[in-house]
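Hi there,

Here is the structure I promised to pass on to you. Have a look at it first, and then read on for what turned up.

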Amino acid sequence: MHIAVLTIFPAMFDLFWEHGIVRRAVAGGLVQPQAVDIRAFTRDRHQVTDDRPYGGGCGMVMKPEPLARAIESVRDQFNDGGFTVLMTPRGDQLSQQTAAGLARQQGLIFICGRYEGVDARIVHRHVDYELSIGDYVLSGGELAAMVAMDAVIRLIPGVLGGAQSAQRDSFSDGLLEHEHYTRPRVFEGDAVPEILLSGDHQAIERWRRKMSLIETLMRRPDLLENRALDERETEILRQWSQMLERVLKHQAAHRPDSLPGRQ
Ligand code: 6GU
């Protein structure tokens with residue numbers, strides 16, 4: 001997949017392409033990345049990329065002409081065109097589902113806004129999708145684009161090895177991951193759960209799925225509301241709710257103030 005990032009700080013991406021899974025995807029030819037310097041598409045002596053907003057107010061706006069020329073130049077290079085994503089806090093929030101959708105595109109063009117934003121005509125005429133990574137303000141779209149690209153690149157077929165992608169299918173589907181352990185067997189008095197040492201792969205798999213479900217229930221119950229549960233998962237949750245009910249009843253019956261000898 002061709003991925004172009006349009007930015008006034010192309011050097012920010014040098015390290016991003018050179019590490020970990022992203023690096024492997026690039027080395028294996030699965031991703032052909034380029035950081036495009038928007039400033040190279042200015043035509044004035046001072047290579048200006050921003051200007052004051054019409055109507056007044058503070059902050060600057062990214063000028064449309066250099067951006068439009070940069071986008072056109074990249075589109076010409078991508079045979080199938082590119083799906084153009086503007087990184088902006090106003091956009092749809094990135095999710096695993098969004099990342100999967102972007103991973104299916106032929107080519108991607110990320111535009112990194114700086115200042116107060118980009119001229120609206122760029123959005124109207126050249127942008128297919130506006131994307132945010134969360135409800136907080138960054139100084140520019142560069143870090144957000146890296147976050148989005150990382151999530152997308154791992155989902156391009158062939159980027160993750162067979163074992164990793166199998167794992168993704170089996171339990172990351174809408175649930176949080178279970179805990180992980182490696183050696184030593186006891187660390188600062190805290191031992192690895194026995195079952196992981198049992199060698200019983202089916203039992204280990206059941207334990208992991210159960211822990212995933214329980215982690216999700218405790219940390220992110222909202223994820224369970226939006227996800228279909230299978231029979232085993234329903235049963236585990238029923239057992240948990242029975243246990244909780246017992247604990248609550250017991251607590252209510254043994255409130256400190258209801259015990260004899262206390263006020
Ligand atoms: Cl995509 N850009 C900026 N500037 N801030 C953000 C963001 C993007 N996503 C969250 N905050």
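**Around the ligand**

Strand 5 gives the most to the shell around the ligand, with three residues. Please keep in mind that this is a predicted model. Strand 5 and strand 7 each supply at least two residues of that shell. If you would like to pick out the residues yourself, the ligand is surrounded by Met-87, Thr-88 and Pro-89, then by Leu-131, Ser-132, Ile-133 and Gly-134, and also by Tyr-136, Leu-138, Gly-140 and Ala-144. Sorted by class, the shell holds seven nonpolar and four polar residues, and no charged ones.

Three contacts to nitrogen atoms of the ligand deserve a look on your screen. From Ser-132, a polar side-chain atom lies 3.3 Å from a nitrogen atom of the ligand. Ile-133 brings a backbone N or O atom to 3.0 Å from a ligand nitrogen, and for Leu-138 a backbone N or O atom lies 3.1 Å from a ligand nitrogen. With the protein in place, 96% of the 290 Å² of accessible area that the ligand has on its own is covered.

**The pocket**

Which space does the ligand take? It is the second largest pocket, with a volume of about 460 Å³. Its lining counts 26 residues, and those nearest the centre are Met-87, Thr-88, Pro-89, Glu-116 and Gly-117. Met-87, Thr-88 and Pro-89 also belong to the residues that surround the ligand.

Two or more lining residues come from each of strand 5 (83-93), helix 5 (120-126) and strand 7 (129-132). Strand 5 again gives the most, this time with five residues of the pocket lining. By class, the lining divides into 13 nonpolar, nine polar and four charged residues, whereas the shell around the ligand has no charged residues.

**Two spots in the backbone**

Two places in the loops may also interest you. Where is the cis peptide bond? It runs from Arg-183 to Pro-184, with omega near 5°. Pro-184 itself lies in the loop between helix 7 (162-171) and strand 8 (186-187).

The other spot is Gln-47, which has a positive phi of about 50° although it is not a glycine. You will find Gln-47 in the loop between strand 2 (32-37) and strand 3 (50-51).

Happy browsing, and do write back with any questions.

Best wishes

Methods. Residues numbered from 1 in each chain as written. Predicted model: local features only at pLDDT ≥ 70, side-chain atom pairs only at ≥ 80, totals over all residues. Heavy atoms only, no water. 1 Å grid on protein atoms, 1.4 Å probe; cavity = no way out; pocket = protein on both sides within 12 Å on 5 of 7 lines; lining within 4 Å. Points joined across faces, edges and corners; volume = space filled by probe spheres on them. Helix = DSSP H or I, 4+ residues; strand = E, 2+ residues; numbered from the N terminus. Nonpolar A, V, L, I, M, F, W, Y, C, P; charged D, E, K, R; others polar. Near = heavy atom within 4 Å. Polar contact = N/O pair within 3.5 Å; in protein donor to acceptor, adjacent residues only side chain to side chain. Areas by Shrake-Rupley, 256 points an atom, 1.4 Å probe, with all protein chains shown as cover. Sits in = over half its atoms within 2 Å of the grid points.
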